[in-house]
Every structure is written in C-alpha cells, then in structure tokens.
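Got your viewer open? Then let's take a walk through this model, one selection at a time.

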Amino acid sequence: MNTRSAEEFEKQLRAIGQERYHHLHPFNVRMHAGELSEEEFRGWVRNRFYYQVNLPVKDAFILTKLPGRDDRRRWIQRIIDHDGRTGDEGGIEKWIRLGEAVGLSRRELLDGESVLPGVRFAVDAYVDFCRRSPWLESVASALTELFAPDLLSKRIADVERHYPWIDSDGLEYFRARLTQQPKDIAHLLELVLENATTAEQQDACMRALEFKCDVLWSLLDAVQHTYSGR
Ligand code: PQQ
C-alpha cells in the first residue's frame, strides 16, 4: 500500500467515525430520542465519569513522549482543561455538577466504587494504550474528538428537550467542550497528518482510532447491559 495523500488519509480517518463512533450506539440513540429512564441516565453519568477522570492521566502519558516543546506547550492545555486550576474550574468539576444535576453525590462519583467492570476494563485499556504506544498512535487514538462536536451540540439540545428534570446548568461540561475542542482537534490533525508519513504509520493511526471507537462503544455496552437490561 502506498502512502496516502494527507487529504485521502484524513478522509479515511473520518470514515472510521462514520462507521463506528459511539453516536451510533443504541444506548446513545435512545438518549437522544428521550427514552432513557432517570436510572439509566444516572448510570451513564456515573460510569462516564471514570472516562473523564482518566483523560488527563492518559494525556500526561502522551505529554512525556511528544518530541517538541511547542507541541508539549499546546498539549498541556488538555490536562488543564480537565483538571482545572485555582479559580478556574475544569471539566472534571463540571462533570461532577452534571452528576449532581442527575441526583448523584460528589462522594459517590469520586469514590468510583460503582464503576462497572466493563467500563473499568475499557477505560484502563485506553490509558494503557496511551502509556505504551508510540506517541503518534497515542495521539491518533484521541481523533474520536473529530466526531464529538456534532454529537455534543445535538446532546445539549436533545437532553434539554427530553429530560426537563435535569437542570440545564448541569450541561455546562458539554457547552465548555464545544469551545475547547476546536483547538484540540486542530492540533491532533496537525500532529497526525504531518507525522504519519509512511503507509505503515498511517495504518497504525487508523488502527488506533478504531481501537478508541471500540473503547467508547464498550463503555456504552456495559452501561446498557446493566442499566437497560439489554
Ligand atoms: N475524547 C478525548 C480524548 O480522547 O482525548 C477527550 C474528550 C473526548 C473529551 O474531553 C470529551 O468531552 C469527549 N466527549 C465525548 C462525548 O461526550 O461523546 C467523546 C469524546 C471522544 O470522542 O473520545 C471525548
């Protein structure tokens, strides 16, 4: 296989999202259709929190491997976006507010005891992938973010419409991501498109993105199995 042009490579990466990003998962489809019970919604928020708290951890592993100072300066912002800093609440804190809006306590979220085994396995596999893979593949695994903005805008609108029992302030996490994510996406694309210069590297990036789609899919499988009995 010859090296793809950057344009063709990006097209193929985007095609992976069209086919297997978690917007297609039946649990997500039901969320948007307003079909989730309060218990199912809480189950999702509680378990997704385990993904949220691990994002800055996997980003820290990647940070140690990025070869250049400029890229590290940009990447470190991802950790700050989630962990926050004094006077600047981060994404994890905003997710806790979402938890409170659906009736979960801060303590319940932070102790992590009720995280489902399947969710734990999937998220831990993602962190481990980012810890042990070459930086290019670890970075490529975050490319699911390419597909997130469309889903997030739709999620804000559909949750507001179908779940009036959830205080709209609880959705601040998603609103903030819509403003933070474009810079992440630009950086991811720049790193991957410019540095995957052989067909083998491009293939490895595509496999990394597929793996990450599977992580997100498995998370919803586990939540659906337990909370929706399907
Ligand atoms: N993915 C990453 C990543 O892998 O580095 C970081 C984020 C995602 C976020 O900060 C998100 O908020 C996020 N949200 C969704 C979502 O709510 O559907 C999906 C994803 C994703 O595609 O991995 C991320």
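Before the first stop, a bit of vocabulary: a cavity is a set of grid points where a 1.4 Å probe fits but cannot get out, and a molecule sits in a cavity if more than half of its atoms lie within 2 Å of the cavity's grid points. Keep in mind that you're looking at a predicted model.

**Stop 1: the ligand.** Select the ligand and zoom in. In this model, the ligand sits in the largest cavity.

**Stop 2: the shell.** Now select the residues around the ligand, using a cut-off of 4 Å. You should get 19 residues, and the closest are Tyr21, Tyr51, Tyr126, Tyr173 and Lys212. Try colouring the shell by class: 9 residues are nonpolar, 3 are polar and 7 are charged.

**Stop 3: the polar contacts.** Show side chains for three residues and look at the ligand's oxygen atoms. Tyrosine 51 puts a polar side-chain atom 2.5 Å from a ligand oxygen. For lysine 212, the distance from a polar side-chain atom to an oxygen of the ligand is 2.6 Å. Threonine 144 has a polar side-chain atom 2.9 Å from a ligand oxygen. Switch on the surface next: on its own the ligand has 470 Å² of accessible area, and the protein covers 100% of it.

**Stop 4: the helices.** Which helix gives the largest share of the shell around the ligand? That's H3, with 4 residues. Select H3 (38–63), H4 (69–83), H9 (148–162), H10 (172–195) and H11 (199–228) together, as each supplies at least two shell residues.

**Stop 5: the domain.** Finally, select residues 11–221, where an unreviewed UniProt entry places the feature "domain: Thiaminase-2/PQQC". Over this stretch the chain is 75% helix and 0% strand, with the end C-alpha atoms 28 Å apart.

Terms used
Residues numbered from 1 in each chain as written. Predicted model: local features only at pLDDT ≥ 70, side-chain atom pairs only at ≥ 80, totals over all residues. Heavy atoms only, no water. Polar contact = N/O pair within 3.5 Å; in protein donor to acceptor, adjacent residues only side chain to side chain. Areas by Shrake-Rupley, 256 points an atom, 1.4 Å probe, with all protein chains shown as cover. 1 Å grid on protein atoms, 1.4 Å probe; cavity = no way out; pocket = protein on both sides within 12 Å on 5 of 7 lines; lining within 4 Å. Nonpolar A, V, L, I, M, F, W, Y, C, P; charged D, E, K, R; others polar. UniProt positions renumbered as here; feature names shortened; annotations may be inferred.
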